[in-house]
Amino acid sequence: MNPAQSTQGTVKERAGVALNNDFLRNAVKFTTERLRSGKQAASAEHGNWEEWRERGRQIRLHTIAHLDYYLNLFVENARSNGVHVHFAPDTAAATDIVMTIARNKQAESVVKSKSMVSEELHINRALELAGIETIESDLGEYIIQLAGEGPSHIVIPAIHKNRYQIAELLSEDAGEELPPDTTILAGYVRRKLREKFLGADIGMTGCNFAIAETGSMVLFENEGNARMVTTLPKTQITLMGMERIIPSWEDLEVMATLLPRSATGQRLTMYMSGITGPKRTGDGDGPEEMHIIIVDNGRSEQLGDPEFQELLNCIRCGACLNVCPVYRHIGGHSYGGTYSGPIGAVLTPALNRNVAEWDDIANASSLCGACSEACPVKIPLHDMLVYLRRRKVERGHGNRWETLGMKGFAVLMANSKRLNLALKMGRIAQKPVVHNKGITLKIGPLKGWNTYRVAPSMADHSFRENWQELSKDTRRTAPPMNAETRDRMEQILRQRRASGIQGGHHE
Ligand code: SF4
């Protein structure tokens, strides 16, 4: 496991470290703010964003509901295009397939474009252990590879680093002092990678979408490196999660509208490549041999699960991370897995089939729902986080005190007299520790909250008590309704009854 992807300690402990790292917090805040406002502007400019979100959701729901059919169609078409298609049920199988191809090709070096699936499978480590040089060609991935870290954001892997830290890393790589100037730094990486592209035996990519009707794969990117990876090396390996499928190129139009706008606020990324098989006779470039490895790794277990199947609809845009108040404070590495933010908090336990190990990850959310609102395919992430918490408790991994507290709360809420009595007793009991309408004690469940804030004390009067008083006052002081108003109201009521409206608020 990458040092930055560690389940050691709890999310809370890792978040504690991140919260004390001002560089990280400022860098994450700066970039997520830029991405978030970019997305807002791009979706507003689109004009029919909500309709397209719904279309995107319907396409993903339909595809995942018929995944067996579309996967078969994709595989048949890809094979007839001359692609070698492999299935990998888990990390070990996927790694084995990659290593077999690399051995058969006597590969000494692999150049990669950005691929979250390869991060999930820890492919770099396996290749490097076999003595095969592995070079990330995406700028952000190259930076975190130099730092020996994993990605801390789905789209911007080095989001947690500022330009001074990046200049330091690249200066060490270059063996000379490079200024913290983004153009100069990007220029250095471009020159360095060009040599690597030309000498690489294998090009490895991920896959944004796989088109079932033609067996093609589609890549979105801004740097042009994926295009180099898919044209220069003689052998290409594409790693794709089994849910990357969409039925047709027509559906891609919707995805190509939703993905770049949600990810980076762009109408379209600088490059969008559609690849349908290896190089053919007469083609100027392209790989001579192409392999697609379709990875399951826990995905099929979500199929048929009414609470989590929609996880497979995710198009990995990262928009939910950019709006998440928790992610924006603690960054991606605090989550401990390859995927971070709200989608990571749900996807990581799902893919790892080990809820116990990832027990606390669902707590890294305030359940504000910003993630679900931002999601271009409307995945109900905050509901899933609640389901995860419920499953944890059902499996006996809940916090004993929390469970006890909830049981007590249920007993009180079931009876208004009991609730009133508890409120009165609570008000008396809190008196010794209340100062300026706040409680500052740092013990028990108040410790975490009161380290940074002041818990409000119970109000002197409950809402019910205030309401009763207010009602009495209103009855005493309200003037009688004048005849004209009463007639008007009766008329409205008659009309409502006639039209079948029984009551409530209608707009
Ligand atoms: S869950 Fe939605 S918002 Fe988050 S990465 Fe996936 S598609 Fe994007």
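Two strands count as paired when DSSP finds at least two bridges between them. With that in hand, the sheet in this predicted model is easy to follow. Val 434 has Ile 439 of strand E12 as its bridge partner. Strand E12 covers residues 438-439, and two bridges tie it to E11, with the two strands running antiparallel. A third strand joins in as well: the sheet is open, its order is E11-E12-E13, and the pairing is antiparallel. Strand E11 (434-435) and strand E13 (455-456) sit at the edges, each pairing on one side only. As for what holds such an arrangement together, strands of a sheet pair through backbone hydrogen bonds, either parallel or antiparallel.

Next comes the ligand. It has 13 residues around it, and the ones that come nearest are Cys 314, Cys 317, Gly 318, Cys 320 and Cys 375. Sorted by character, the shell around the ligand holds 11 nonpolar residues, plus one polar and one charged.

Then there is Ser 372, which belongs to helix H16 (residues 370-374). Is Ser 372 buried or exposed? Its relative accessible area is 11%, and because buried means under 20%, Ser 372 counts as buried. Its neighbours, leaving aside residues up to four places away in sequence, are Arg 53, Lys 378, Ile 379, Pro 380, Leu 381 and His 382. Two of these turn up again in the finer detail. The side chain of Ser 372 makes a polar contact with the side chain of His 382 at 2.6 Å, and the side chain of Ser 372 also reaches the backbone nitrogen of Leu 381, at 3.2 Å.

How values were computed. Residues are numbered from 1 along each chain as its sequence is written. This is a predicted model: local features need pLDDT of at least 70, side-chain atom pairs count only at pLDDT 80 or more; totals for chains, interfaces and linings use all residues. Side-chain values use heavy atoms; hydrogens and water are left out. Helices (H or I, at least four residues) and strands (E, at least two) are DSSP runs, numbered from the N terminus. A residue is near a molecule or strand if one of its heavy atoms lies within 4 Å of it. Ala, Val, Leu, Ile, Met, Phe, Trp, Tyr, Cys and Pro count as nonpolar, Asp, Glu, Lys and Arg as charged, and the others, Gly among them, as polar. Buried means under 20% relative accessible area, exposed over 50%, partly exposed in between (1.4 Å probe, protein chains only). A polar contact is a pair of N or O atoms within 3.5 Å; within protein, one must be able to donate a hydrogen and the other to accept it, and residues adjacent in sequence count only if both atoms are side-chain atoms. Contact means heavy atoms within 4.5 Å.
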